[in-house]
Amino acid sequence: MGNNIPLYGFQVQNIFAFHAVGPWPRPDIKPWKNFHYIPGVTMEQEAHHYHELLFVNSPIPLRHTGNGRTYETTSHAIIYRAPYTLHSTMCLSTQQYDRYVLWFNPDTLSAFGGICDLGKLGTQAECCIPITSEQMQSLQPLLEMLIKAQKKSRNNWQGMLAAVLAEVNDLHPEDGLPETVSGSYIQQLMHYIAEHISEELSIPFLAEKYFISPSKLTADFRAATSISLHEYISGIRVNWARMWLGEGVPIPIIAQRCGFTHESSFIRMFRSVTGMTPGEYRTRLRR
């Protein structure tokens with residue numbers, strides 16, 4: 001498996017922004033064709049190689065998870081997720097869920113001479129910024145312009161992205177979440193794991209790779225992400241496996257791609273994370 005294969009089969013070259021209403025993404029939004037969710041089942045955690053900004057435009061209850069942390073929002077909010085962060089958002093209401101989603105590649109930030117800057121967001125793996133309906137209304141024109149510029153392949157989206165990030169950072173509280181994975185070797189480790197799931201990922205091997213003791217590695221990872229290193233590796237492997245199950249790849253091949261010599265070991269791992277076997281998961285997808 002080459003490093004050019006994106007998580008969940010969708011490659012964000014620079015930026016992708018869209019507006020969606022409802023419990024599931026609109027079918028005409030191209031990237032979602034590679035996301036395989038089961039209606040009626042709790043939203044599964046996912047991870048991807050790009051930054052994500054989720055702008056919640058509905059005053060309805062939502063449950064969010066990010067690297068072992070679970071929290072709920074009941075009003076307008078902005079959720080930021082760093083690359084390779086395991087996360088999910090689940091709607092707790094039968095009402096329509098209105099949101100804007102903005103994805104952008106890490107290389108985008110460095111390609112334009114500092115025009116686009118994460119600012120305070122760059123110190124965190126995930127954070128939630130509560131905002132008022134008036135603040136959301138002030139952001140909407142910028143987001144709509146960004147979507148239109150992207151669709152028409154205009155070159156002025158960089159400035160619009162910079163404006164959105166500046167607005168978000170102005171809304172970011174000074175007493176936000178403490179620094180987590182960004183800027184540390186843990187972010188590099190998460191990147192390595194996500195793109196080498198078919199290879200050896202034992203804790204002793206990873207500790208040697210980063211010139212640190214296994215106990216220090218596991219302690220640092222939990223401190224930075226609130227989950228164990230073992231949980232993260234399993235979650236990333238399941239993240240890939242779900243995509244391949246939806247694409248019809250045979251389970252023995254998926255087991256090999258996820259770094260398992262024995263199919264039975266892969267099935268045990270998958271069931272421990274999802275509560276069902278890969279075969280049961282695929283059957284649910286086809287209903």
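**Reading strand β5 and its salt bridges**

Analyst: In this predicted model, E126 counts as buried, since its relative accessibility is 7%.

User: How is such a percentage to be read, and is E126 buried or exposed by that reading?

Analyst: A residue is called buried when its relative accessible area is under 20%, and exposed when that area is over 50%. E126, at 7%, therefore falls in the buried class.

User: How many residues of strand β5 are buried?

Analyst: Strand β5 covers residues 77-81, and 5 of the 5 are buried, so the strand is largely enclosed by the rest of the structure. The side chains point two ways: A77, I79 and R81 face one way from β5, while I78 and Y80 face the other way. Residues on both faces are buried.

User: Which strands pair with β5, and in what sense do they run?

Analyst: Strand β2 (residues 51-56) is antiparallel to β5, and 5 bridges join the two. Strand β8 (residues 126-130) also pairs with β5 in the antiparallel sense, over 5 bridges. I78 illustrates both pairings: F55 has I78 as its bridge partner in β5, and I78 stands opposite I129 in β8.

User: What is the general idea behind a salt bridge, and how many does the count give here?

Analyst: Side chains of opposite charge can pair when their charged atoms come close. The working cut-off is a side-chain nitrogen of Lys or Arg within 4 Å of a carboxyl oxygen of Asp or Glu. By that rule, the count is 4 salt bridges.

User: Which residue forms a salt bridge with E52, and where do the two partners lie?

Analyst: The partner of E52 is R81, with the closest N and O atoms 2.9 Å apart. R81 belongs to strand β5 and E52 to strand β2, so this pair links distant parts of the chain, 29 residues apart. Both partners are buried: R81 has a relative accessibility of 2%, and E52 has a relative accessible area of 5%.

User: Where does E126 enter this arrangement?

Analyst: E126 forms a salt bridge with R81, the closest N and O atoms being 3.5 Å apart. Because E126 lies in strand β8 and R81 in strand β5, the pair ties together parts 45 residues apart in sequence. Through shared partners, salt bridges join E52, R81 and E126 into one network.

User: Are E72 and R63, which also form a salt bridge, buried or partly exposed?

Analyst: The side chains of E72 and R63 meet at 2.9 Å, N to O. E72 is partly exposed, at 46% relative accessibility, and R63 is partly exposed, at 32%.

How values were computed: Residues numbered from 1 in each chain as written. Predicted model: local features only at pLDDT ≥ 70, side-chain atom pairs only at ≥ 80, totals over all residues. Heavy atoms only, no water. Buried < 20%, exposed > 50% of the residue type's maximum accessible area, 1.4 Å probe, protein only. Helix = DSSP H or I, 4+ residues; strand = E, 2+ residues; numbered from the N terminus. Pairing = 2+ DSSP bridges.
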